[in-house]
Amino acid sequence: MPASGAPPASTPDESSAADGRDRSEAVVAAVATAVGLMTGSLPEREFAGPVLRLLGEAGGVSRVYVFDFQRQADGRYRVSQRHEWTAVGISAQIGNPDLQGLDLIEAGFGRWQEVLLRGEPIVGEIAEFPPSERPILEAQQILSLLVQPVFAGARIHGMIGFDACAPRAPWSRFEVSVLRIAAQAWGAAVLREERDAQLRHMQRMEAMGRMAGGVAHDFNNVLSVVGGAVEALQGEAAAPVPADGERYGRILRHALDQGRGLTRRLLEFSRPGSGHARELDLGEAVARAVPLLRQAAGSRVRVELERAPAPRVRIDPVQLEQVLLNLVINARDAMPGGGRVRVEVGPDPAGPGGAARLRVTDTGPGIPAGQRDRVFEPFFTTKADRGGTGLGLSTVFAIVTGHGGTIVLGPATGGGAEFLISLPAAG
Ligand SMILES: Nc1ncnc2c1ncn2[C@@H]1O[C@H](COP(=O)(O)OP(=O)(O)OP(=O)(O)O)[C@@H](O)[C@H]1O
Ligand SMILES: [Mg+2]
């Protein structure tokens, strides 16, 4: 046993049954306090530290930590350590690069993925674990551990684990159950935080939408005045057209058309919704749009479609086309030297109760981490110099959510951008 593995001085001696009881009582009290913290209004990043410390001290363990699960396109999970508490003298693992973006199956932890996804804990002595799991655990001096899955609704959010680097009495079934409550409260808090954020986002979008509608309306009035002047300048046979009048007229008309295009987009943005939604086969609808998408993509960008049978959805086909066009044009803009856009239609593997998924990926540079939160915001653009309005993705967002769906950026692994749209099954 390395010296650093010795239990901290404050840890109760686990050798007698009475102390085991003390520990169980301490764990119950800590879980009660922790649940109180998590069900308040604190975000995860604020309650994580105190909760882990409470549970770690009460459980007499060496480390308590939380990992995030990130589902990959192929259904595998990558996990990354996000929060950690360590007892005095125990090596921290939060900076361990091996515990960031770890592919569970590749790392020999396929059993963990299976058991945790079933909602069950991993618990026991490392010496009795399958050989594929031991090297990573032994490298951290772990002798025994308990890991509980954390679910945010039906989706696995991560896992919370308790390492013992010194011999201690095994976890009792009672303690395992009590700590499961802590894991459940953690998941509920994460879900609440996500919903709050989504609600705030929707409220912002709604406010922006109202504003965009107002701007578009007033702008249109201005345009119609300009339009009248252009007519007068170009078309009035009675008055002689001044020198250069024709040329100015053409320039003005072009500007007018551009202005009208902008107001049309602003108006669509301010009142998207499922106006002409009808039940359709997503794969067929997307296939019908492919010629248009190829045209928009230009000759340097290849557009590929992959279809698998998916549940039927309810959506306005014109708005669906708008979504695809925006995504493909953005991909084209991101790949001036050429590349590939892939549109995939299939069932949504994570969609509760049947949903169809539209996945759009490209081979461009992707979206930098600092911008991932912002791309769906109205008027966010990195292309202002090239005429970008920043309304493309916010319109896409409004259309998708207006049809009861969701859109998120995929994990930033493969390099290019990845948009994942989920649409609920019709009926
Ligand atoms: N496929 C992509 N690859 C890289 N960055 C992207 C991609 N799609 C969107 N972005 C980023 O997101 C920003 C917002 O996109 P959005 O479509 O909302 O606006 P825009 O394309 O800049 O303007 P507009 O759509 O009005 O022409 C873009 O400016 C770009 O920085
Ligand atoms: Mg765009």
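A residue is buried if 20 or more other C-beta atoms lie within 10 Å of its own. The views below show a predicted model.

**View 1. Ala 398, a buried residue of helix 9.** Ala 398 is found in helix 9. Ala 398 counts as buried because it has 27 C-beta neighbours inside 10 Å. Gly 209 lies 9.3 Å from Ala 398 in space, C-alpha to C-alpha. In sequence, the two are 189 residues apart.

**View 2. Helix 8 crossing helix 9.** The axes of helix 8 and helix 9 come within 9 Å. They cross at roughly 145°. The crossing of these two helices is left-handed. From helix 8, the contact takes in Gln 319, Gln 322, Val 323, Asn 326, Leu 327 and Asn 330. From helix 9, Gly 392, Leu 393, Thr 395, Val 396, Ile 399 and Val 400 meet them. The residues of this contact divide into six nonpolar and six polar, with no charged residue.

**View 3. The shell around ligand 1.** Ligand 1 is surrounded by 20 residues. The closest are Asn 330, Thr 381, Gly 388, Gly 392 and Leu 393. Two elements give two or more residues to this shell: helix 8, spanning 317–334, and helix 9, spanning 392–402. Helix 8 gives the most, with four residues. By class, the shell holds eight nonpolar, 10 polar and two charged residues. Asn 330, Gly 392 and Leu 393 are among the closest to the ligand, and these residues also belong to the contact of helix 8 with helix 9.

**View 4. The largest nonpolar core.** This core has 48 residues. Those with the most contacts inside it are Ala 34, Val 51, Leu 55, Ala 182 and Trp 186. Both helices and strands give two or more residues to the core. The helices are helix 1 (17–38), helix 2 (44–59), helix 3 (110–117) and helix 5 (173–235). The strands are strand 1 (63–71), strand 2 (77–86), strand 5 (144–152) and strand 6 (155–164). Helix 5 gives the most to this core, with eight residues.

**View 5. Ala 182 and its contacts, with a separate core.** Ala 182 touches Val 31, Ala 34, Val 35 and Leu 55, leaving aside residues up to four places away in sequence. Apart from the core of View 4 lies another, of 38 residues. Among its members are Ala 297, Ala 310, Val 400 and Leu 423. Val 400 is also one of the helix 9 residues that meet helix 8.

Definitions and conventions
Residues numbered from 1 in each chain as written. Chains lettered and ligands numbered in written order. Predicted model: local features only at pLDDT ≥ 70, side-chain atom pairs only at ≥ 80, totals over all residues. Near = placed C-beta within 6 Å. Nonpolar A, V, L, I, M, F, W, Y, C, P; charged D, E, K, R; others polar. Axes fitted to C-alpha atoms, helices over the stretch in contact; angles between N-to-C directions. Left-handed = near helix turned anticlockwise from the far one by under 90°. Contact = placed C-beta atoms within 7 Å. Core = buried A, V, L, I, M, F, W, Y, C linked by C-beta atoms within 7 Å. Buried ≥ 20, exposed ≤ 12 C-beta atoms within 10 Å, placed from the backbone.
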